[in-house]
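Colleague: I should like to learn how to read the strands and sheets of a protein model. Might we work through one example together?

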Amino acid sequence: MGMFAGVGAVVGGTDKTILTLISAATVRPELREVVIGCSDTPADQAARFSIMRFTAVGTEASGFTPTAWNPADPAGIADVGVGVFSAEPTYTANSDMLWIAINQRGPFRWIAQPGRGIIAPATASNGLGLRCKSATSVTPSWACTLAWEE
Amino acid sequence: MRPDGYTIQETGGKPIEADTLQCRHCGRHWIVKPGSGAKRGWCLKCSGPLCGRRDCMTECLPFEKRLELYENGEIAVL
């Protein structure tokens, strides 16, 4: 068991995925921390994000090799996809696991108690996506971090 | 009640902190807003809060069990 993180800075918009945490058949990653902040010059604009379950990974712009918080840990099994996605992951309807409404000028952080994180099933191509559901301005990039235990 | 999670957000230069609770049946978290009027629940078997969705309120199916069923292909949606 170790903690891992994936990061990305991606332009948001309506139903645009920022980051995905991709599970595998042999692990149940437990999402424990989400950090969101605007990485461009922030304006007085709002955006709404959601953590959602997906059953197909879509087509990511780039991958990200998960960073182990403890360098002595072995490599992680779960994977990370970074937007902008040319084909969005296939999200499960009504699977919003956490709603986050923020202003560009207000960075956000969520931390779960150990054992109370959002768990993805040990099923290939399944996982959790950090998705921008709506935004009053679609131009800025959102620098985001997902941290999980596996 | 012990919170299941914690949020901190900076708005107008001031940090706003809030707790989150987790549904024992579906695993979702929500930010606790006292006086919001949102109707939630409590499972006496799981001894924990419920999100208030009909599926979670009508049957006790702990999230761990739901995960097992999904991974075994016995339910289609997690």
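Modeller: Let us begin with a single pair of residues: Glu30(A) has Ile119(A) as its bridge partner in β10(A). Please keep in mind that this is a predicted model.

Colleague: What holds such strands together in general?

Modeller: Strands of a sheet pair through backbone hydrogen bonds, either parallel or antiparallel. In this case, β3(A) and strand β10 (residues 118-119) of chain A run antiparallel and are joined by two bridges.

Colleague: How many bridges join β3(A) to strand β12 of chain A, and how many join β3(A) to strand β9?

Modeller: Eight bridges join β3(A) to β12, which comprises residues 141-149 of chain A; there, Val35(A) is partnered by Thr145(A). Four bridges link β3(A) to β9, residues 108-112 of chain A, and the partner of Ile36(A) in β9(A) is Phe108(A). Both pairings are antiparallel.

Colleague: Is strand β3 of chain A mostly covered or mostly uncovered?

Modeller: To judge this, one counts residues with under 20% relative accessible area as buried. Strand β3, residues 30-38 of chain A, is mostly covered, with eight of its nine residues buried.

Colleague: How should I read the order of strands in an open sheet?

Modeller: One lists the strands as neighbours, from one edge to the other. Chain A has an open sheet of six strands in the order β5-β7-β2-β11-β4-β8, with antiparallel pairing. Its edge strands are β5 (62-64) and β8 (90-103), each of which pairs on one side only. From one strand to the next, the twist averages 25°.

Colleague: Could you show me one pair of neighbours within that sheet?

Modeller: Certainly. Strand β2 (residues 16-22) and strand β11 (residues 127-135) of chain A pair in the antiparallel sense over six bridges. One of the matched positions is Lys16(A), whose bridge partner in β11(A) is Cys132(A).

Colleague: Which helices and strands does chain B contain, and in what pattern?

Modeller: Chain B has two helices and five strands, and along the sequence they follow the pattern β-β-β-β-β-α-α.

Colleague: How does the radius of gyration of chain B compare with that of a compact globule?

Modeller: The radius for chain B is 15 Å, whereas a compact globule of 78 residues would have one near 12 Å. Along the principal axes, the C-alpha atoms of chain B fill a box of roughly 50 × 25 × 20 Å.

Colleague: What share of the residues in chain B is buried?

Modeller: Buried residues account for 38% of the 78 in chain B. The chain exposes about 4,900 Å², of which carbon and sulfur atoms supply 51%.

Terms used. Residues numbered from 1 in each chain as written. Chains lettered and ligands numbered in written order. Predicted model: local features only at pLDDT ≥ 70, side-chain atom pairs only at ≥ 80, totals over all residues. Heavy atoms only, no water. Pairing = 2+ DSSP bridges. Axes fitted to C-alpha atoms, helices over the stretch in contact; angles between N-to-C directions. Rg over C-alpha atoms; globule rule 2.2 N^0.38 Å. Buried < 20%, exposed > 50% of the residue type's maximum accessible area, 1.4 Å probe, protein only. Areas by Shrake-Rupley, 256 points an atom, 1.4 Å probe, with all protein chains shown as cover.
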